[in-house]
Amino acid sequence: MKKTTKKTPCDKIPADFVYCFNKTCPRSAECLRFFLGEQSSERPEIGLCVFPRNAENSECPYYRTSQPMLMAWGLTPLFKDVYQKHSKILHERIYALLGSRASYYRYNSGAQLLSPEQQEEILSIFESLGYKRSDLSFGGYVESFDLSSL
């Protein structure tokens, strides 16, 4: 397994990232959206944010942990020992999971990173066709934050 350890700097936040500025939220101290809203040196003047009512029961659906996680990129290595008869099925299922063929190529190139949940779902697709998880690995791994918009 290839592993690169680097954290995403605050200046790499996507334009559609949703911030939170609710200091009274019980989870604000551990929320990435709040942390980046407070810490970003070049905060945008206008953008998307979470409304305070989402934290009323401390189960905000937009919560993101401020702890970095092991994100992955590169899907091609998963296919190195795949039977030709499974290749099309695997690709189609992964395209559906990631939203489109274009999204697949963004994750494959590293332009977008796969969350641990997405990695798990992709590995499960391979397992459903009889491939061993221990024989599978992505192209690379990066310690980063989940900067997906929602």
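These are my notebook entries on the fold, the burial and the salt bridges of a predicted model.

**Entry 1: the outline**

I began with the secondary structure and found 4 helices and 4 strands in the protein. Reading from the N terminus, I wrote the order down as β-α-β-β-α-α-α-β. Next I looked up burial: of the 150 residues, 39% count as buried. The accessible surface came to about 9,400 Å², and carbon and sulfur atoms hold 50% of that surface. I also checked how far along the chain the contacts reach. Among contacts between residues at least 6 apart in sequence, 73% join residues at least 24 apart.

**Entry 2: helix α1**

Which residues of helix α1 are buried? For this helix, residues 32-39, I listed L32, R33, F34, L36 and G37. I then asked what these buried residues pack against. The partner turned out to be β1, residues 18-19.

**Entry 3: N108**

I moved on to helix α3, which spans residues 101-109 and contains N108. Is N108 buried or exposed? Its relative accessible area is 18%, so I noted N108 as buried, the cut-off being under 20%. Leaving aside residues up to four places away in sequence, I found N108 touching W73, G74, L75 and T76.

**Entry 4: salt bridges, starting with D146 and R64**

How many salt bridges are there? I got a count of 5, and I followed several of them up one by one.

D146 pairs with R64, and their closest N and O atoms are 3.1 Å apart. I placed D146 in the segment after β4 (140-144) and R64 in the loop between β2 (48-49) and β3 (69-73), so this salt bridge ties together parts that are 82 residues apart in sequence. I looked up accessibility for both ends. D146 is buried at 15% relative accessibility, and R64 is buried as well, at 11%. A nice one to rotate into view on screen.

**Entry 5: E92 and K88**

Here I stayed within one helix. E92 forms a salt bridge with K88, with the closest N and O atoms 4.0 Å apart. Both residues sit in helix α2 (residues 84-98), 4 residues apart, which is about one turn of the helix. Why does that spacing suit a pair? An α-helix has 3.6 residues a turn, so residues three or four places apart point the same way. On accessibility, I have E92 as partly exposed at 44% and K88 as exposed at 57%.

**Entry 6: R133, E120 and a network**

My last pair was R133 and E120, whose closest N and O atoms lie 2.9 Å apart. This pair links distant parts of the chain: R133 is in the loop between α4 (116-128) and β4, E120 is in helix α4, and they are 13 residues apart. Buried or exposed, I asked of R133. With a relative accessible area of 29%, R133 is partly exposed. E120 also counts as partly exposed, at 38%. I then looked for shared partners, and found that salt bridges join E120, E127 and R133 into one network.

**Entry 7: looking back**

For my own reference, I set the pairs side by side. D146 and R64 are both buried. E92 is partly exposed, while its partner K88 is exposed. R133 and E120 are both partly exposed.

Key
Residues are numbered from 1 along each chain as its sequence is written. This is a predicted model: local features need pLDDT of at least 70, side-chain atom pairs count only at pLDDT 80 or more; totals for chains, interfaces and linings use all residues. Side-chain values use heavy atoms; hydrogens and water are left out. Helices (H or I, at least four residues) and strands (E, at least two) are DSSP runs, numbered from the N terminus. Buried means under 20% relative accessible area, exposed over 50%, partly exposed in between (1.4 Å probe, protein chains only). Contact means heavy atoms within 4.5 Å. A salt bridge is a side-chain nitrogen of Lys or Arg within 4 Å of a carboxyl oxygen of Asp or Glu. Accessible areas come from the Shrake-Rupley method with a 1.4 Å probe; for residues, only the protein chains shown count as cover.
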